[in-house]
Amino acid sequence: MSHVVYAKPDATYTTMSDAHVLNVVAAHTSAEVGLGHAAAIAPHIHAWANGHNYVLQPSGSRAKGTAIKGSTDLDIFISLDPSVSEDNTLEWVYTSLRNRMVGAGYQVREQNVSIGIQHGNLKIDLVPGVLQDRRGTDHSLHKHKDKTWTRVRAHQVCYWLGQSL
């Protein structure tokens with residue numbers, strides 16, 4: 001069984017199974033979206049993480065509770081363990097996620113900090129971020145359009161996805 005690292009509000013970490021992560025996403029996503037679609041991409045995210053710990057967090061309008069009923073979009077923030085940055089750049093993290101989704105047969109939309117895919121009727125934006133320090137909530141995100149990076153706190157991702165970084 002694979003595991004992910006989950007950041008509690010007090011910034012301590014515990015381990016939980018992938019199934020629990022999907023339950024967390026389900027709890028924060030309206031039934032109209034069809035969470036089964038999000039569950040279908042979980043194996044691709046897991047393979048892409050390549051043994052590094054990660055967390056899937058709903059973000060954007062669904063996490064803020066401002067999603068329009070019946071909307072068919074889902075934003076998923078992927079919080080990667082800092083160990084990812086030991087051997088990889090932020091650009092590599094972004095590009096490798098894009099390549100993984102293309103390899104899985106998805107047509108991708110390269111957006112500023114996210115990779116957009118269409119799964120059935122659902123538009124999914126995947127936002128890969130690398131946790132800067134296991135004791136904090138700051139993440140580094142690759143900014144594709146500017147070929148640079150930005151820093152956000154995990155709780156800010158809901159806001160940032162609605163804004164131009």
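**Exercise 1.** Is leucine 141 buried or exposed?

*Solution.* The structure is a predicted model. Start with the location: leucine 141 belongs to strand 8, which covers residues 138-143. Next take the relative accessible area of leucine 141, which is 2%. Buried means under 20%. Leucine 141 is therefore buried, because its value of 2% falls under that cut-off. As a last step, relate leucine 141 to glutamate 91: the two are 50 residues apart in sequence, and their C-alpha atoms are 8.7 Å apart in space.

**Exercise 2.** Find the cavities of 30 Å³ or more and describe the lining of the largest cavity.

*Solution.* The count comes to one cavity of 30 Å³ or more. The volume of the largest cavity is about 40 Å³. Its lining consists of Leu90, Val93, Tyr94, Val113, Pro128, Gly129, Val130, Ser140, Leu141 and His142. Helix 4, strand 7 and strand 8 each give two or more residues to this lining. Sorted by class, the lining has seven nonpolar and three polar residues, and no charged ones. Leucine 141, from the first exercise, is one of the lining residues.

**Exercise 3.** Which members of the largest nonpolar core touch the most other members, and which elements supply the core?

*Solution.* The largest nonpolar core has 23 residues, and those touching the most other members are Ile41, Ile45, Ile76, Ile78, Leu80, Ile117 and Leu126. Two or more residues come from each of helix 2 (35-49), strand 3 (54-59), strand 4 (73-80), helix 4 (90-103), strand 6 (115-119) and strand 7 (122-131). Helix 2 gives the largest share of this core, with five residues. Another core, of five residues, lies apart from it and includes Phe77, Val113, Val127 and Val152. Val113 thus appears both in this second core and in the lining of the largest cavity.

**Exercise 4.** Which residues does leucine 80 contact, leaving aside its neighbours within four places in sequence?

*Solution.* With those neighbours set aside, the contacts of leucine 80 are Trp48, Ala49, Asn53, Tyr54, Val93, Gly129, Val130 and Leu131. Compare this list with the cavity lining: Val93, Gly129 and Val130 also line the largest cavity.

**Exercise 5.** Where does pLDDT stay under 50?

*Solution.* Begin with the chain as a whole: pLDDT averages 76, and 64% of the residues score at least 70. Then take the two stretches in turn. Over residues 1-15 pLDDT stays under 50, and the model has 36 contacts beyond four places in sequence for them. Over residues 158-165 pLDDT also stays under 50, with 16 such contacts in the model.

Conventions. Residues numbered from 1 in each chain as written. Predicted model: local features only at pLDDT ≥ 70, side-chain atom pairs only at ≥ 80, totals over all residues. Heavy atoms only, no water. Helix = DSSP H or I, 4+ residues; strand = E, 2+ residues; numbered from the N terminus. Buried < 20%, exposed > 50% of the residue type's maximum accessible area, 1.4 Å probe, protein only. Core = buried A, V, L, I, M, F, W, Y, C linked by side-chain atoms within 4.5 Å. Contact = heavy atoms within 4.5 Å. pLDDT = per-residue confidence, 0-100. 1 Å grid on protein atoms, 1.4 Å probe; cavity = no way out; pocket = protein on both sides within 12 Å on 5 of 7 lines; lining within 4 Å. Points joined across faces, edges and corners; volume = space filled by probe spheres on them. Nonpolar A, V, L, I, M, F, W, Y, C, P; charged D, E, K, R; others polar.
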